[in-house]
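Here are my notes on this entry, as numbered points. Please read them with the structure open.

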Amino acid sequence: MSDIRHALLRRDPLSAAKEVLYHLDISLGSALQSAPGPTPGLDKSTVDLVEEFIFQVSKDRSVQRKRMSCVQELQLLEIMCSYFQEQSKDAIRQVIFSALFGLQGNKADESRMSVLGKLVSMAVAVCRVPILDCAATWLQRTHSAWCVRLARVLVDDYCMLVPCSISTLQNICSASPRFCCQLISAVTALYDLSSDELTPPPALLEMVVGWITEDPRLLLLTFINTPLTSSLPIGCLEVTPLMGLLRWCVKAPLAYQRGRKSTVTNGHVDTEKVGECEELYSKLHLSVLQVFLMLQVHLTEQNLLGRLAVLQAESVAVLVEEVSRLVDELNPLHAANEIQLALDRLAQALQVAMATGALLCTREDLRTLCSRLPHNNLLQLVMSGPVVQPPPHSGPFQPSLYPYIHPARPSPLSPHATHQAALSSPHAAHPALSPLPTHPALSPHRSLTPHTAHSPLPPHTFHPAAMAFPYRPIR
Amino acid sequence: MSAQGDCDFLVKRARELVTEDPWAAKAWLITARTLYPTDFGIQYEMYIIERNAERTTSAGRLLYDIFINFPDQPVVWREITVITAALRNDNQDKHAQFLKGVFETLPGPVQCQMLLKATEQCFNTLEKAEMLLLLLKRFPESVVQHGVSLGESLLEAENVEDLDTPVNCFRKLFVCDVLPLIINNMEMRLPASLLHKYMHKAAEFYIGYVTRGPCTDPQLQGPQEVAGLKSPGIGRGQRFVIEGLSEKSSVVTEPWERLLEIVGVVGARCEWQGEKGSRTYTELLQRVKELCRYLPGLEGETLSRCCGQIVTCSTLVLFRSAHFYVSTVQPSLFQNHNSLGSTPWVLVEDLSSVFNDVEVERSSGKHAHKKRKLADGREKTMSSDDEDALGKGRGRHILVNKTEMPGWAETLEHFRTARESWDLLHSHDALESEFNKICLAWKTESWLWFRIFLTDMIMYQGQYRKALSSLVQMSALQPQQSQNSLTAASNLEMHRALIQQASCHYALGEHRLACEKLLEVVSGLVPQNQEPTKSSEEQGRVRNKPRKGNDLRLVPCTSKDILPFCLQLMLACFKLRAFADGGRDDLALGHVIVLLQHDWPQGEALFLKAVDKICDHGSFQYENFFNYVTNIDMLEEFAYLRTTEGGRVQLELLPNQGMLIKQDSSHAFVSSLFTKHTHYNIFCLHSFRHHTVTRGITKGVKEDFRLAMERQVSRCGENLLSVLHRFCINEKIILVQSLP
């Protein structure tokens, strides 16, 4: 290996980087072909070569190597771009991408992130679907802190730097919906409305709402395509952007009110912009509720209803806590309408999430959770639950009967024949009306025991063991 | 709080928000529905929001839910009624389109269920049928169950309502919509008798539709009517509405083609001989003509099946061709004729040989006819009006001015095909009785247009006695259709019958009756300015192909064409008498000379023959001579007759009462005429200063004649047709009386 290194050291930085890329392709590609099952890991020396010659992290303090110029860096990005574009094998692409950009918990990670940000930004600009798809997977398997950084690069490039370029980002939704789904998760993690700076820029908001209203199923894309058995690394983004978006919708009226307060003291308020954003949040909120309804259909089809918490109760608790803190910050007299709007949305989301099986918790839990919040009629109604009435002629609302609106999509989650017996009660379809006796409300979906009993085929043949816990604390 | 209270609260919040923030309103309702999934109010509100915003997919989705979950809610039923009504009618407005779209989003079984339930709620037969039709069209499998019963209910409704025309809404629906579904459904096994019945119902409808009269409802007449056409009195609106249907659904495109399709399918299903699906009407006729030859050898069921096929096919071909023929001959009878430039035509005896020598005609005409009669003696005597066997149908020609009737070949071909079908239908007793049954059922006796065809056909067959009675029947049908026909043109159409009567009487040798009818016609005509070049050119062409004298001619039914025909016919009547062997009838000869002026010099030969006859007799008395003879050649000839060289013929031509004739602008013309004729200098004796001359004033008979001649020459420029028209009107009594 050191032979290769010595040979590379003699080359100019760009051709050395190209050589490493070529070397990676050969060695990983052949390894993948000879053993198609578990994905081959990377040996230490290869990782070192990548870090030294592609990310320019010097191993040997004694050797002062010539660094790549900006032009050469751009050329390298172009080479990577065309490499991923031309590599026809999805599995090899994935392996190479994680070999390059999988975080190693060392000092090269910063450089990695920097190159990744530039590469993805370039891929967006020239619409390189293979790279975006790889980036989507990366966003799924990487700690949210890194994901947020990538999101920020893209938001800076496309929303802040050149305001008009947002349409470029907007348009990639049809090209790589998976990437967009993950990007939404990342930007909602980035902009959590905890401060004015962390309020989503209007252009970003508009783009996200545009994507979702175009096709709300986008929000469930990662969820539907993720095998239940695949253990996701700790600290990674949530499997759907639903919680993040819900945070936006619920907190937005309060955050804008808070923002208004600070801008009033600063002097100017752009009321038109605020009005536009209000409308966008209202649309977004409706979409989130509609996605819950779709989720119910999917969960019912997969016999997962009541067994899989798509919305984590802990996250809900955090949101409730944040709302409560924001309410405290605002003067209830001046912000009564905003507070009621936020609580209406919260109550609606909680109710619909519970009813559709996205959130597994009882009304009792809810009462405890929301006890600190100010009074709101709807929230009250949701906490106490509907007045039980004798069931009339027809059964509970069953959206799954309708074949045309929600066509069954092939899903990697099937088959689940063994679950049939577990869900014998017809009321199980409606947890809001009759909660299950045993409540796996607080269990994350990956720990569901029945799924370990059998092993459905994962959608991606690539699933490196080395990537299972790629994140190590940055030293 | 009660459940209803909760629901009301939730719906109320949604309603408050819907205009300002429709997304929030929907979010409220989605939440509400998860709380109270069985509450109708919440879901209905959701539907209403989507419906009002005209969002097809989501409205359809919600309608589906409420239809499934709340099938007994009256509000749902009201909504379904509105939607199915939009489906039924052809309203193109945006909301109707939206409602149709909503229906389209529903799954098939739900559509089916909705339509069936909506049908149950209809009490009006027509609506119910339209609703059921929607069902049958969408779900062909339901045709087996509902098709025939729907058809029968429509036919029954038609009976119950006692409608006087087959072109009614029930029949239209049956024929155009239900019947194709029934006969094209291969799952259905229907008895041949039923299929025949249905096919005849369809034929009756399509024929009735095609031959419907112009609508007389002023409200429905097209705007172009108001613009003031030549004959605004005749309802010629292009729009047509079947009572109970919209204007759009009253339209039947390509009726004959549709009918042919039905015949093709029914024929195939009834296993007709040689039926390989419909092709053309000509082929239909061709096939049954062949089939007819085997008829005598058949019996029992095969015979009746064959008869069914022959009668059906020939009947349809007969009516179709007859309709095409009549729509050219009398276009104003029908709805869709082009009111501009479509003149009616009348079929009459061809008289282009009227100027031929009497002798030639006699020998060729009568003789040829006798011979033919002998030859035909053994053939079936279907045209044996014995006394008038003037020209039997075979081989008669129908002449027509080809430039004036552009589709002449087609028209004549249709006339021929119709006659052929008629003959076929009367070639066998079994066929004839079947055909008569159809005629009785369809009340063809009351079809004026068909009577017109029949009359022409009978005339063509040479059965003039029968034709005359047919014309009487026609006039019985006439009044109710021509109520509002008051103009000259439509009068002429009414005179069609008279013209044909005259023609028939002439053909029968009943010259006096012929003249009576003719003179009645002439009194209704307005003489036009002569267009000598055109008419003589046509005549010239005809003369080049001499006919045997028993041809027929289609003449445009206009004053311009009818007056010449009348004059020819009169000439034909008088000619025989005037030149009768042995006898002497100066009056008839005088009439002939007057009439020969028309189309001069066609009648030159005949005129010379008349002059010969006068010379033979040595004298000639015709007191109307100077009233009606203005032809310069004739005047010259007569002037010459008086001279020594001419044979000093005794001419008594002066009218028994003086005629005051004003001379005016014709001076110049006359003098120019004289310069051309200077060699007959007898005329140039005097100037034309004497404007009025009367016999009583004196210088003797000779002077009177001379003056009369002078005066007459000056009349050469008068409109000849006016002169002859006046002749017909003024001398009507003498004319009629001078014929036997």
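1. The largest nonpolar core holds 302 residues. Those with the most contacts inside this core are Trp138(A), Phe179(A), Trp248(A) and Phe453(B). Apart from it lies another core, of 74 residues. Leu525(B), Cys557(B), Val594(B) and Phe620(B) are among the residues of that other core. Keep in mind that this is a predicted model. In soluble globular proteins, nonpolar side chains tend to be buried together.

2. What does Trp138(A) touch, leaving aside its neighbours within four places in sequence? Its contacts include the aromatic residues Phe97(A), Phe101(A) and Trp146(A). Leu103(A), Leu116(A) and Leu150(A) are also in contact with Trp138(A). Gly102(A), Met113(A) and Cys147(A) complete the list.

3. Chain A has 19 helices and 0 strands. Of its 475 residues, 53% count as buried. Among the contacts in chain A with a separation of 6 or more, 80% come from residues 24 or more positions apart.

4. Cys127(A) deserves a look at its backbone. Most residues other than glycine have a negative phi. Cys127(A) is not a glycine, yet its phi is positive, about 55°. The residue sits in the loop between α6 (108–126) and α7 (129–141) of chain A. Its relative accessibility is 36%, so Cys127(A) counts as partly exposed.

5. Glu254(B) is a second case to check. Its phi is positive too, about 45°, although Glu254(B) is not a glycine. Where is Glu254(B) found? The answer is the loop between α12 (223–226) and α13 (255–269) of chain B. With a relative accessible area of 48%, Glu254(B) is partly exposed.

6. Helix α10 of chain B spans residues 169–184, 16 residues in total. From first C-alpha to last, α10(B) reaches 22 Å, close to the 22 Å expected at 1.5 Å a residue. There is nonetheless a kink of about 45° at Val178(B). The kink comes shortly before the proline Pro180(B). At the N-terminal end, Asn168(B) acts as the cap of α10(B). A side-chain oxygen of Asn168(B) lies 3.1 Å from the backbone nitrogen of Phe170(B). Is α10(B) largely enclosed or largely open? Of its 16 residues, 13 are buried, so α10(B) is largely enclosed by the rest of the structure.

7. Now the strands of chain B. Strand β1(B) covers residues 345–349 and strand β3(B) covers residues 552–556. The two pair in the antiparallel sense, over 5 bridges. Leu347(B) stands opposite Leu554(B). Trp345(B) stands opposite Pro556(B). All 5 of the 5 residues of β1(B) are buried, so β1(B) is largely enclosed by the rest of the structure.

8. Strand β2(B), residues 398–400, also joins β3(B). Here the strands run parallel, with 3 bridges between them. Ile398(B) stands opposite Leu552(B) in β3(B).

9. How many residues of β3(B) are buried? The count is 5 of its 5, and the strand is mostly covered. In a regular strand the side chains alternate between the two faces of the sheet. On one side of β3(B) are Leu552(B), Leu554(B) and Pro556(B). On the other are Arg553(B) and Val555(B). Both faces are covered, the charged Arg553(B) side included.

10. Asp561(B) lies in helix α24 of chain B, residues 559–578. Its relative accessibility is 15%, so Asp561(B) counts as buried. Setting aside residues up to four places away in sequence, Asp561(B) touches Glu404(B), Val555(B) and Pro556(B). Val555(B) and Pro556(B) belong to opposite sides of β3(B).

11. Val75(B) is placed in helix α5 of chain B, residues 74–88. At 21% relative accessibility, Val75(B) counts as partly exposed; the cut-off for buried is under 20%. Beyond residues up to four places away in sequence, Val75(B) touches Phe40(B) and Tyr44(B). Val75(B) and Tyr44(B) are 31 residues apart in sequence. In space, their C-alpha atoms are 8.8 Å apart.

How values were computed:
Residues numbered from 1 in each chain as written. Chains lettered and ligands numbered in written order. Predicted model: local features only at pLDDT ≥ 70, side-chain atom pairs only at ≥ 80, totals over all residues. Heavy atoms only, no water. Buried < 20%, exposed > 50% of the residue type's maximum accessible area, 1.4 Å probe, protein only. Helix = DSSP H or I, 4+ residues; strand = E, 2+ residues; numbered from the N terminus. Pairing = 2+ DSSP bridges. Expected span 1.5 Å × (residues − 1). Bend = angle between axes of the 7 residues up to and from the residue. Polar contact = N/O pair within 3.5 Å; in protein donor to acceptor, adjacent residues only side chain to side chain. Contact = heavy atoms within 4.5 Å. Core = buried A, V, L, I, M, F, W, Y, C linked by side-chain atoms within 4.5 Å.
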